[in-house]
Amino acid sequence: CSTGIGGDCFCLYYDASKKTVKGLNGTGRSPSALSLESLHSLGYGQGGRSLPTRHALTVTVPGTAAGWIDTVEKFGSGKLSLRAILDPAINLAESGYPVSPLAAHFWQLGSDPFFMPTNPHAKSMLLRELRAPRVGEVMKMPHLAQTFRTLAAEGKTGFYEGRIADAIVDVLAANGGVMSRDDLAQHRTTFDDPISIVYKGIEVWEMPPNGQGIAALIGLNLLKEMNVSDLGHNSPEYLSTLIQAMQLSFADAHWYCADPSQVDVPVRELLSDEYAAKRRCLINSKGVLELCHRGNPCSSSDTVQFSVVDSAGNACSFINSNYMGFGTGLVPEGCGFTLQNRGVNFSLDPTHPNRVAPRKRPYHTIIPGMATWANTSELYACFGVMGGFMQPQGHIQVLLNMIDFGMDAQQALDAPRFCVGLGHFPGDGIALEEGIPAETMRALESMGHGVR
């Protein structure tokens with residue numbers, strides 16, 4: 001329930017023979033009929049009224065189907081067809097599979113939209129008793145199996161035109177959406193050059209905006225001139241320093257991270273050493289940030305991620321998501337999947353670079369990660385984490401665990417972490433994972449951090 005073909009994706013690919021990192025942006029764009037003016041006419045964005053998180057107007061064109069195909073065609077070995085890759089999923093969807101405890105829990109939590117009268121085809125996401133599956137119960141999804149067969153047989157045309165496209169448009173229109181068949185037919189994946197910074201001999205690669213990977217790079221740039229290992233792993237001083245670096249990173253990313261095809265995003269300036277030096281001075285070694293506003297870098301921000309490496313040393317960090325569990329929870333007729341709600345991350349502020357506009361990509365939370373040795377370009381790590389706005393924070397903490405504290409990959413992932421905000425919603429509160437001692441929590445609170 002955290003990902004699916006109704007969502008979006010990104011990919012970073014390391015070519016071992018060329019020692020290069022390539023990027024794929026499989027995120028969709030807003031409908032051509034969606035604009036700030038059209039939302040204002042419906043009363044959104046005025047008087048502080050925001051767009052409901054699961055409204056049909058939050059659905060951007062699902063980019064996953066095209067992203068899967070383009071990833072296989074661009075980066076695949078050529079030894080497997082798309083049908084061969086999808087066959088195991090088709091068999092599971094058709095024959096059924098036992099639902100795991102975690103999936104059952106979140107299926108139940110996210111099932112409310114399946115009972116809306118304007119969402120009649122969502123019954124395919126429930127058992128015959130019209131309820132979410134429980135732990136161990138077998139769930140069959142024949143409509144999803146047919147969607148995968150169509151994709152394998154007809155390629156992108158089978159998803160973005162024809163029966164599936166018609167079903168997407170129809171269910172959105174029934175729920176107040178404005179996506180057209182032309183919006184779907186015009187969707188294209190883009191192959192974007194990754195962005196990077198060097199942190200203590202390791203070049204860390206992220207996808208450029210509209211993805212929030214730049215937030216991880218801004219944070220690493222702030223920290224690279226600091227001896228964070230001297231502070232002690234997960235000590236109050238260490239956590240406070242990283243928390244402040246992340247708050248500064250988000251202050252910039254939540255303003256500047258937008259669709260670069262429609263607005264100017266000052267990536268080079270945001271990642272410059274000069275800008276990092278200016279912002280680093282704001283970090284308070286004894287307390288909290290006095291001010292946490294975006295800077296000016298110019299002189300005049302539910303997911304499945306997998307990392308794989310093949311026998312030749314090629315690596316792929318791939319991430320796919322609906323957002324907020326089932327996204328909107330809207331199910332197109334006969335398709336067996338839910339539609340994402342990525343448009344909820346658009347701003348309704350007319351002065352904001354990430355303001356809603358026709359055929360625009362929104363700020364995206366999912367980010368794949370890749371790291372290479374700066375001096376040789378050999379692969380250092382293919383990685384990623386999950387969880388909304390936690391992702392750039394997770395990237396930084398996992399990398400520092402490995403680079404500064406010598407942990408192996410499993411130790412780095414298992415170590416308890418902090419999160420600025422509440423995952424899907426950025427904010428000032430600090431969440432701490434189990435394993436961080438109570439005295440550390442109290443010390444952070446005494447420094448002024450709002451621990452939750």
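1. Threonine 150 counts as buried, at 10% relative accessibility, because the cut-off for burial is under 20%. This residue is found in helix α5. Leaving aside residues up to four places away in sequence, threonine 150 touches Gly155, Gly158, Arg163 and Ile164. The model is a predicted one, and every value below is to be read with that in mind.

2. Helix α5 (142-154) also has a part in covering helix α3: what covers the buried residues of α3 includes α2 (64-75) and α5. Those buried residues are Leu82, Leu86, Ile90 and Ala93. An α-helix has 3.6 residues a turn, so residues three or four places apart point the same way.

3. The length of α3 can be checked. The helix has 14 residues, 82-95, and at 1.5 Å a residue these should span 20 Å; the end C-alpha atoms are 20 Å apart, so the two values agree. The helix also has a bend, of about 35°, at proline 88. Just after α3, glycine 96 takes a positive phi of about 100°.

4. Within α3 there is a salt bridge between aspartate 87 and arginine 83, with the closest N and O atoms 2.7 Å apart. Both residues lie in this helix, four residues apart, which is about one turn of the helix. Aspartate 87 counts as partly exposed, at 26% relative accessibility. Arginine 83 is partly exposed too, with a relative accessible area of 36%.

5. How many residues of helix α2 are buried? Nine of the twelve are, and the helix is mostly covered. The buried residues are Thr64, Ala65, Ala66, Gly67, Trp68, Ile69, Asp70, Thr71 and Phe75. They pack against β1 (8-15), β2, α3, α5, α6 and β8. The twelve residues of α2 should span 16 Å at 1.5 Å a residue, and the end C-alpha atoms are 16 Å apart, which agrees.

6. One of the buried residues of α2 takes part in a salt bridge: the side chains of aspartate 70 and lysine 156 meet at 2.7 Å, N to O. Aspartate 70 lies in helix α2 and lysine 156 in helix α6 (residues 156-160), so the pair ties together parts that are 86 residues apart in sequence. Aspartate 70 is buried, with a relative accessible area of 8%, whereas lysine 156 is partly exposed, with a relative accessible area of 33%.

7. A search of the whole structure finds 14 salt bridges. Side chains of opposite charge can pair when their charged atoms come close. Another salt bridge is formed by the side chains of aspartate 183 and arginine 359, at 3.2 Å, N to O. Aspartate 183 counts as buried, at 4% relative accessibility, while arginine 359 is partly exposed, with a relative accessible area of 28%. Elsewhere, salt bridges link Asp166, Asp170 and Arg181 in a network.

8. Which strands form the open sheet, and in what order? Four strands make it up, in the order β2-β1-β8-β7, and the pairing is antiparallel. The edge strands, each pairing on one side only, are β2 (20-26) and β7. Direction ignored, neighbouring strands of this sheet are turned by 10° against each other on average. Strands of a sheet pair through backbone hydrogen bonds, either parallel or antiparallel.

9. At the β7 edge, seven bridges join β7 to strand β8 (residues 315-321), and the two run antiparallel. Serine 307 stands opposite serine 317 in β8. Strand β8 is also among the elements against which the buried residues of α2 pack, as are β1 and β2.

10. Is cysteine 281 buried or exposed? With a relative accessible area of 67%, cysteine 281 is exposed, because the cut-off for that class is over 50%. This cysteine is found in the loop between α12 (273-280) and β7 (303-309). Cysteine 281 and leucine 222 are 59 residues apart in sequence, and their C-alpha atoms are 9.2 Å apart in space.

Notes. Residues numbered from 1 in each chain as written. Predicted model: local features only at pLDDT ≥ 70, side-chain atom pairs only at ≥ 80, totals over all residues. Heavy atoms only, no water. Expected span 1.5 Å × (residues − 1). Bend = angle between axes of the 7 residues up to and from the residue. Buried < 20%, exposed > 50% of the residue type's maximum accessible area, 1.4 Å probe, protein only. Contact = heavy atoms within 4.5 Å. Pairing = 2+ DSSP bridges. Axes fitted to C-alpha atoms, helices over the stretch in contact; angles between N-to-C directions. Salt bridge = Lys/Arg side-chain N within 4 Å of Asp/Glu carboxyl O.
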